[in-house]
Amino acid sequence: MANKNYAVGLATVQSKANDPNIQKLNQLVVDLKLKDYINNYFKGTIAPVF
């Protein structure tokens, strides 16, 4: 299997950009706890890009 690089981002429609739920999700997906979890659980098979 060839090495492939992908990144995942958060997108929403403009009318929901200030929605509290979207804002909270945005905070969670860039949280350092999530970054640590990804690094510890996946051991380099995937890497956080934030």
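Me: Is tyrosine 37 buried, partly exposed or exposed, and what is its relative accessible area?

Reply: Keep in mind that this is a predicted model. Partly exposed means between 20% and 50% relative accessible area. Tyrosine 37 has 46%, so tyrosine 37 counts as partly exposed.

Me: Which aromatic pair does tyrosine 37 form, and how do I read its geometry?

Reply: Start with the total: the structure holds two aromatic pairs. One of them joins tyrosine 37 and tyrosine 41. Read the distance between ring centres, then the angle between planes. Here the centres are 5.3 Å apart and the planes differ by 10°. Planes under 30 degrees apart count as stacked, so this pair is stacked.

Me: Where do tyrosine 37 and tyrosine 41 lie, and how many residues apart are they?

Reply: Both belong to helix 2. They are four residues apart, which is about one turn of the helix.

Me: Is tyrosine 41 buried or exposed?

Reply: Exposed is the label for values over 50%. Tyrosine 41 has a relative accessible area of 54%, so tyrosine 41 counts as exposed.

Me: Why is the pair of tyrosine 41 and phenylalanine 42 given another label, edge-to-face?

Reply: Look at the angle again. The ring planes of tyrosine 41 and phenylalanine 42 stand at 80°, so the pair is edge-to-face. Their centres are 4.9 Å apart. Phenylalanine 42 itself is partly exposed, at 29% relative accessible area. Now put the rings together: Tyr37, Tyr41 and Phe42 form one aromatic cluster.

Me: What comes just after that helix?

Reply: Lysine 43 is in the segment after helix 2. Check its backbone angle. Phi of lysine 43 is near 45°, a positive value in a residue other than glycine. Lysine 43 is also exposed, at 65% relative accessibility.

Me: Where is phenylalanine 50 found?

Reply: Phenylalanine 50 is also in the segment after helix 2, which spans 32-42. Its relative accessibility is 34%, so phenylalanine 50 counts as partly exposed.

Me: Which residues form a nonpolar patch with Phe50 on the surface?

Reply: Leu10, Leu25, Val29 and Val30 join Phe50 in that patch. Together the five have about 370 Å² of accessible area.

Me: How do I read a residue in helix 1, such as glutamine 23?

Reply: Place the residue, then check its cover, then its contacts. Glutamine 23 sits in helix 1, residues 20-29. Its relative accessible area is 35%, so glutamine 23 is partly exposed. Leaving out residues up to four places away in sequence, glutamine 23 touches Ala17 and Asn18. Compare that with a distance: the C-alpha atoms of glutamine 23 and lysine 4 are 30 Å apart. Those two residues are 19 residues apart along the chain.

Me: How many helices and strands does the whole protein have?

Reply: Two helices and zero strands. The radius of gyration is 14 Å, well over the 10 Å that the globule rule gives for 50 residues, so the protein is more spread out than a compact globule. The C-alpha atoms fill a box of roughly 40 × 25 × 10 Å along the principal axes.

Me: What share of the 50 residues is buried?

Reply: Buried residues make up 4%. The accessible surface of the protein is about 4800 Å². Of this surface, 56% belongs to carbon and sulfur atoms.

How values were computed. Residues are numbered from 1 along each chain as its sequence is written. This is a predicted model: local features need pLDDT of at least 70, side-chain atom pairs count only at pLDDT 80 or more; totals for chains, interfaces and linings use all residues. Side-chain values use heavy atoms; hydrogens and water are left out. Patches are made of residues with over 30% relative accessible area and no salt bridge: like charges are joined within 9 Å, nonpolar side chains (Val, Leu, Ile, Met, Phe, Trp, Tyr) within 5 Å. Accessible areas come from the Shrake-Rupley method with a 1.4 Å probe; for residues, only the protein chains shown count as cover. A salt bridge is a side-chain nitrogen of Lys or Arg within 4 Å of a carboxyl oxygen of Asp or Glu. Buried means under 20% relative accessible area, exposed over 50%, partly exposed in between (1.4 Å probe, protein chains only). The radius of gyration is taken over C-alpha atoms; the globule rule is 2.2 Å times the number of residues to the power 0.38. Rings of Phe, Tyr and Trp (its six-membered ring) pair if their centres lie within 6.5 Å; planes under 30 degrees apart count as stacked, over 60 as edge-to-face and the rest as tilted. Contact means heavy atoms within 4.5 Å.
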